Amino acid sequence: MKVIENVKSKDMWPTTAYTFIVNNIEDLTIDNEYIKNNFPHISILRMDRDSTNLHNSHEKILNEFSRGDAQVLIGTQMITKGLHFPNVNLVGALSADVGLGLPDFTSNERVFQLLCQVVGRSGRGISEGIGILQTLQPEHHSVISASSQDYETVICKTCISKKIRLKGNYIII
């Protein structure tokens, strides 16, 4: 996937297979109301803690989406992992960099893994996919590497970072 940075408005959204990084969060806020008002023919499902508190609600929501009963699935991290929907061609992650500010030496790796999983949900069928990463840190190596699925760069930067931090108590296997 190609990466487009500095997307400042919805008019700049690409129409082919790209992952792009959104800098200006105010201009690109999209929520249920925005979709309902601008695309009234689109059906929306939500999958978060509030919508999945009943028995079998996860399965019900995922089955509805899989059957095509809804065209948009909005949710939390729970919809990024292990799901396979061949017809999904567009995915997005809002506040994609929020984990980078955590005081944890693995936060860069965790953000990279999560964003790779998000981007990887799109384009699993015949059509190529588009991934949108909304971030305030578009230059961060975890965000850039995840947007292009560049595992080598993250591994190298992580190894260098750990080597510096551990000062000799480090071994490459």
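**Figure 1. R67 and its salt bridge with D69.** In this predicted model, R67 is an exposed residue, with a relative accessible area of 58%. Its partner in a salt bridge is D69, and the closest N and O atoms of the two residues are 2.7 Å apart. D69 is partly exposed, its relative accessible area being 39%, so the pair joins an exposed residue, R67, to a partly exposed one, D69. The bridge between R67 and D69 belongs to a total of 4 salt bridges counted in the model.

**Figure 2. The salt bridge between K60 and E64 in helix α2.** Helix α2 spans residues 57–67, and within this helix K60 and E64 stand 4 residues apart, a separation of about one helical turn. An α-helix has 3.6 residues a turn, so residues three or four places apart point the same way. K60 and E64 form a salt bridge in which the closest N and O atoms lie 3.5 Å from each other. The two ends of this bridge fall into separate accessibility classes, for K60 is exposed at 53% relative accessibility, whereas E64 is buried, with a relative accessible area of 19%. The value for E64 lies under the 20% limit below which a residue counts as buried.

**Figure 3. The salt bridge between R46 and D48.** The side chains of R46 and D48 meet in a salt bridge with an N to O distance of 2.6 Å. D48 is buried, with a relative accessible area of 14%, while R46, at 35% relative accessibility, counts as partly exposed. In this view, therefore, the carboxylate partner D48 is buried and the arginine partner R46 is partly exposed.

**Figure 4. The surroundings of M47 in strand β3.** M47 belongs to strand β3, which covers residues 44–47, and this methionine is buried, with a relative accessible area of 3%. Leaving aside residues up to four places away in sequence, M47 touches T52, H58, I61 and L62, and also L73, I74, G75, T76, M78 and I79. One of these contacts is with M78, a residue 31 positions from M47 in sequence, although the two C-alpha atoms are 7.8 Å apart in space. Across the chain, among contacts between residues at least 6 apart in sequence, 62% join residues at least 24 apart.

**Figure 5. Strands β5 and β6 and the crossover that connects them.** Strand β5, made up of residues 90–93, has a covered face formed by V91 and A93 and an uncovered face formed by L90 and G92. Strand β5 runs parallel to strand β6, residues 130–134, and 4 bridges join the two. Within this pairing, V91 of the covered face stands opposite G131 in β6. From β5 the chain crosses through helix α3, residues 107–120, to reach β6, and this β-α-β crossover is right-handed.

**Figure 6. Helix α3 and its buried residues.** Helix α3 has 14 residues, and the distance from its first C-alpha to its last is 20 Å, close to the 20 Å expected at 1.5 Å a residue. The buried residues of α3 are S107, E109, V111, F112, L115, C116, V118 and V119.

**Figure 7. Two residues other than glycine with positive phi.** N56 lies in the loop between β3 and α2, and its phi is near 65 degrees, a positive value in a residue that is not a glycine. N56 is partly exposed, with a relative accessible area of 45%. Q149, in the loop between α4, residues 141–147, and α5, residues 151–166, likewise has a positive phi, of about 55 degrees, without being a glycine. At 28% relative accessibility, Q149 also counts as partly exposed.

**Figure 8. The whole chain as the setting for the close-up views.** The secondary structure of the chain comes to 5 helices and 6 strands, which follow one another along the sequence in the pattern β-β-α-β-α-β-β-α-β-α-α. Of the 173 residues in the chain, 35% are buried. The chain exposes about 11100 Å² of surface, and carbon and sulfur atoms supply 54% of this area.

Technical notes. Residues numbered from 1 in each chain as written. Predicted model: local features only at pLDDT ≥ 70, side-chain atom pairs only at ≥ 80, totals over all residues. Heavy atoms only, no water. Buried < 20%, exposed > 50% of the residue type's maximum accessible area, 1.4 Å probe, protein only. Contact = heavy atoms within 4.5 Å. Areas by Shrake-Rupley, 256 points an atom, 1.4 Å probe, with all protein chains shown as cover. Pairing = 2+ DSSP bridges. Right-handed = clockwise from strand over helix to strand, strands pointing away. Expected span 1.5 Å × (residues − 1).
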